[in-house]
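Open the model in your viewer and keep the selection tool ready. Each stop tells you what to pick and what you will find.

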Amino acid sequence: MAAIVKDAGEIWTRLFDHRPYLSGEIKFFLREFEEKRQDREVERLFVVLERVTEIRDTQLDRLKHTGETYLPTLITNLDAALNMCNRMIKSEEEHLADNSLEAKRALRKADWQNFISDMAGRCSKVDSTFQEKEGELREFYEDLEAKLHIVK
């Protein structure tokens with residue numbers, strides 16, 4: 001009976017006790033991590049810390065001075081640009097809202113079309129009158145030529 005309990009204990013240990021395996025894997029991971037990285041992250045953190053400290057010590061005052069110098073001018077220019085944009089929008093809205101201007105344009109266009117059609121009609125009348133007079137003159141001179149030939 002003791003042998004069966006001992007065998008059952010060994011089987012349970014092999015199936016459910018993962019401490020020896022995990023211990024080996026943890027040691028392997030730590031060794032690989034430490035050997036391959038060789039404190040690169042720590043060095044990078046120190047470099048970043050140095051840069052931040054340098055910026056804080058040297059550039060912060062310069063940044064404040066530059067902001068105090070140029071920001072009011074920038075704000076003034078931005079306000080002027082905003083006012084110009086608002087004026088342009090307002091004038092465009094007024095222009096679009098002015099229907100009388102569009103009505104006058106349509107009226108002028110209709111007047112122009114009437115003028116063009118009237119001029120075309122007058123030109124055709126002049127052409128027909130010219131052709132009639134040309135025919136009359138041709139007949140007159142043919143008649144006159146015919147009379148002059150008889151007289152000879």
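The tour starts with the whole chain and then goes helix by helix.

**Before you click**

This is a predicted model; local features need pLDDT of at least 70, side-chain atom pairs count only at pLDDT 80 or more, and totals for chains, interfaces and linings use all residues. Residues are numbered from 1 along each chain as its sequence is written, and side-chain values use heavy atoms, with hydrogens and water left out.

**Stop 1: the whole protein**

Select everything and show it as a cartoon. You will see four helices and zero strands. Helices (H or I, at least four residues) and strands (E, at least two) are DSSP runs, numbered from the N terminus. Along the sequence, the pattern reads α-α-α-α.

Now look at the outline. The C-alpha atoms fill a box of roughly 165 × 65 × 40 Å along the principal axes. The radius of gyration is 53 Å, whereas a compact globule of 152 residues would have one near 15 Å. That radius is taken over C-alpha atoms, and the globule rule is 2.2 Å times the number of residues to the power 0.38.

**Stop 2: the surface**

Switch on the surface. About 14,900 Å² is exposed, with carbon and sulfur atoms supplying 62% of it. The area comes from the Shrake-Rupley method with a 1.4 Å probe. How much of the protein is buried? Buried residues make up 0% of the 152 residues. Buried means under 20% relative accessible area, exposed means over 50%, and partly exposed lies in between (1.4 Å probe, protein chains only).

**Stop 3: helix α1**

Select residues 2–16, helix α1. Its 15 residues should span 21 Å at 1.5 Å a residue, and the end C-alpha atoms are indeed 21 Å apart. The expected span is 1.5 Å times one less than the number of residues. α1 is hardly covered, with zero buried residues.

**Stop 4: helix α2**

Move to residues 19–37, helix α2. This helix of 19 residues reaches 26 Å from its first C-alpha to its last, close to the expected 27 Å. Then click aspartate 39, which follows α2 and has a positive phi, near 60°.

**Stop 5: helix α3**

Pick leucine 78, in helix α3 (residues 40–97). Leucine 78 counts as exposed because its relative accessibility is 52%. Draw a C-alpha distance to methionine 1: 93 Å in space, 77 residues apart in sequence.

**Stop 6: helix α4**

Select threonine 129, in helix α4 (residues 99–151). Threonine 129 is partly exposed, because its relative accessible area is 39%. Leucine 96 is 49 Å away, C-alpha to C-alpha, and 33 residues apart in sequence.

**Stop 7: two cysteines**

Finish with cysteine 85, partly exposed at 41% relative accessibility. Then pick cysteine 123, also partly exposed, at 44%. How many disulfides does the structure hold? Zero. A disulfide here is a pair of cysteine sulfur atoms within 2.5 Å.
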